[in-house]
Amino acid sequence: MGTVWVKEFTGGLDNRRMFEATSGGVLVVANNGHITRGGEFEQRAAFVSEYTLPAGTVGLFYTRAGIYVFGHAAAPVGIPAGVTYQRLQHSTPATALVRILSADLYQGKIYAVGEFADGAIFHFYDGTRVTDWFDGRARATFEVTGGEDTAAAAATGSFTITGGTAGGGNEVTDVLVDGVDILGTPVAWATSNNATATAVAAQITSHTSSPNYTAVAVGSTVTITASTAGASANDRTVAVTPGGTVTIGSTSNMANGTDAILSSLTDLKVNGVSIISAPVPWDTSNEDTAADVAAAINSFTSTPDYSASAVGTAVSIAAVTPGPTPNGYVGVFTLADGFDVSPDTIAMANGATSASTYQPGGFVKTIGQKMYSVSGPNMHFSGIQAPTKWTTDTVGAGFIDMSSESSGSEELTALARYQNFVAVFAERVVQMWYVDPDPELNRKAQILENTGTASPRSVTPFGDTDIFYLDESGLRSLRARDSSNAAATTDIGVPVDGLITDKLATLTENERAQIVGLIEPANGRFWLIMKDKVFVFSFFNGAKVSAWSTYDTSYIDEDDETVTFNVEYATVFNRRVYLRAGNEIYVYGGLDGDEYDATVAEAWLPYLDADDPTRKKQFERIDAATRGLWVVHGALDPNNEDAEDKIATISETTYNIDGGIPFQHSATHVSLRFRSSGVGPHRLGACVIHYTGSEDDD
C-alpha cells in the first residue's frame, strides 16, 4: 500500500497552474484562513462589529488617543465611546466632506487630505486647514437622476378553441399572422379543446415561418409569441380558420412588444470640447452610472483636460490645470433614451491662481522631520519641523518636478520611505531619491520603469528592506538587489497574481482608490484589502514559510447567515486591525483579539497523483491532523472541479484510529477539500492518503 503524506502547507495558496498540475505542499484554495509559523492552515479570527457610527462621517485613522473619523459639520449626535470626531472644513463651510484621500501622523497629530462634494481637495493638520495649499481648479457638479436598461420584449397574440368533435374535417385549418401561415399543417380536433390547443401550439412552434413564431397552450387558449423581440410585431392581425365543427372564440392581435431601451450619455462637452471618448450607458443604478461617467472622464485626455470624481449620484468635474481660464465654460450634455441629469447644463467656476500657494495633491507622508506630498508631477516637502509650511520662503521647504527626470511621472500617486531613500510612485514609474533636510542636497538615486501603482494606499513597508505595492500586473515588492542597496522589483505576489488581477478588473475607479495595504500586528502578516477580499501574506523566514491565502470580509449574523461587507478604510491601532464599511467599524478578532465565529475556512489540496499521473489507484482511506470540526470532501475528476464526494466529518487527529477514515474510490488523482464547521478556532496540520495500485499491478 502506498501513501501520499502532505506534511505541511508552507507554500500556501498557489494559483499559477491547473489544479492537476500543481505540486503538493501548496493549496489551490486557501480561504478564510492563513498559514501559521508551523506551516499549518488555521482559520482566521472573526470580523467583529464594535462601533456603529451616525450618518455624516467619513474616513478612519488613529492617534495615541484612539480611533478617529471625520466630517465637515459639527460632531453628529451618536459618536460612540472609543471613537473621536475631527471636523475638516472646506473654504465654503457647508460643502460636505466626502472622503479622506490620505492621512499620516506628524508629532502625534493627524495630517489629513480631504476631498469635498464639489471635487475640491484640502490639506488639514490637527483639524486646521493648511493654507499653503489652495485648490484653484475650476469645478462643476451634476447628478445622474435617471436612466433605463430594459431588454426588448416580444409581442404576443392569442386565440381560444371553444368547440369541436373528432373525425372528418374537424380541424384547425390555418393560423395566419398578417397573412403569413404560421401553422404549416392543419391540426385535427382531438379529444378535447385543451388537447387540441396543446397540439396546435406544438405545431406552430415546430413550423418555421418568415417571420417566425412560437406558441404555448394554457387550457384551451393558444398564445403566440414573435420569435424576434421588439415592437415591430405589434398590431399584426391574428386570424384562425376552423374546419368542420371546430369553433374559435376570442382572438387577440399581436401586441405588447417593446424595443430594448439603453439610456446613455452620448457626449459631454465643456466649452465645445468633448471630455469623454465614447457614450456612457446607464448602468444598473444612478450611483453606478455616476461612477462610470467619472471613470470615462478620467480615462480620456482632452485639451484642456479634466478629471472627475463620483459620490453617490453626483459627479464633480475639475479642470486639471488650476486657474481662472475655465471659469464660465459651459458643460452641455447629449442624452439618449431617457438618460437624465440635473442640472441640464453646468458652468465651470471657482478657478483661481495664487502665487503664494500650491495645488494640493492627494497623498501625504511623514519622512524625517518633514511632511511630503505629491501634486501632479511634483514631490513637495514642508519646512523642517513645520508641517503646515510648504512655500519656498520656509527653511527646508520646496518641491521637485519628477516629470523632468522621467517620462511617466506626470501624475505622482504615492510616497514611501525606502531605507535611506524616498520611493516616489507614479502609475508606471518609481523614482528613488535621497532626501536631506537641506533641499540642495536632494539627489536622484535610481529610476525603475514599467512598474508603479494607481492605488496609493496599497503602498506598504514590509520588514526592513521591502515595500509592497499593487501594480496593474499584481502585487510587487521593492527590495535591495545586492549589497549596493539598489532597488529592484520582485514578484512577491506571483502565486496569487492571477486572483489579484481578476479582482482588480471588477473594481471601479473609486474602489481601486480604496485598496489598502497594512501589516496585521499580532503576527506581522501583510494584508492587501480589495473591497470584500483580503489577500494575506504570511512570511516567517526562520520557519521557511512564505505563503498566501485569502479572507472574505464577512461575518455570521444572528440568523447564522454570512454577511459580506465592502471595506472603504482600514487602519491599525492598539495592536488591532480596524476596518470601516459604511457606518460600521469592524475589528479583526474583536477588541480582545481572540474572537472567532462560524465563518467557513476552506483548504483545498491540488489533485495529487502519487508521482504517477496516468496510473489508476485504488484509494482506501485518509487520515488527518486537525483541531476543531472539519468536513472533508474528495474530488477525483480534474475535468470537473465542482464534482466532489463527502468523506467524513472529523474533530480530532485520526492517526491512531484503526482503519483510518474509509475512502474507497478508483481514480488517477484525488483532491482533498477541508471545510471548517462551527465556531472556531480550527486548524489543519497535515493529511495522509492511503492507496493501492491498479488491479493489473505486478
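**Exercises on a predicted model**

**Exercise 1.** How many positive and how many negative side chains does the protein chain have, and how far apart do the centres of the two sets lie?

*Solution.* We begin with the charges of this predicted model: the protein chain carries 43 positive and 81 negative side chains. In a second step we take the centre of each set, and these two centres lie 10 Å apart.

**Exercise 2.** What are the overall dimensions of the C-alpha trace, and what percentage of the residues count as buried?

*Solution.* Along its principal axes, the C-alpha trace of the protein chain spans about 110 × 85 × 50 Å. Next, a residue counts as buried when its relative accessible area is under 20%, and 50% of the 698 residues meet this condition. Finally, the accessible surface of the protein chain comes to about 29500 Å², and carbon and sulfur atoms hold 47% of that surface.

**Exercise 3.** In the open sheet formed by strands 32, 33, 34 and 35, which strands stand at the edges, and why is one side of each left without a neighbour?

*Solution.* The protein chain has 4 helices and 59 strands. Four of these strands form an open sheet in the order 32-33-34-35, with antiparallel pairing. Strand 32 (363–367) and strand 35 (398–401) stand at the edges, and because each has a single partner strand, one side of each has no neighbour in the sheet. From one strand to the next, the twist averages 20 degrees.

**Exercise 4.** How many bridges join strand 33 to strand 34, and which residue of strand 34 stands opposite Val-374?

*Solution.* Strand 33 (residues 370–375) and strand 34 (residues 378–381) run antiparallel and are joined by 4 bridges. Looking across to strand 34, we find Met-379 opposite Val-374.

Key
Residues are numbered from 1 along each chain as its sequence is written. This is a predicted model: local features need pLDDT of at least 70, side-chain atom pairs count only at pLDDT 80 or more; totals for chains, interfaces and linings use all residues. Side-chain values use heavy atoms; hydrogens and water are left out. Two strands pair if DSSP finds at least two bridges between them. Helices (H or I, at least four residues) and strands (E, at least two) are DSSP runs, numbered from the N terminus. Axes are lines fitted to C-alpha atoms, for helices over the stretch in contact, and angles run from 0 to 180 degrees between N-to-C directions. Buried means under 20% relative accessible area, exposed over 50%, partly exposed in between (1.4 Å probe, protein chains only). Accessible areas come from the Shrake-Rupley method with a 1.4 Å probe; for residues, only the protein chains shown count as cover. Lys and Arg count as positive and Asp and Glu as negative; His and the chain ends are not counted. The place of a charge is taken as NZ of Lys, CZ of Arg, CG of Asp or CD of Glu.
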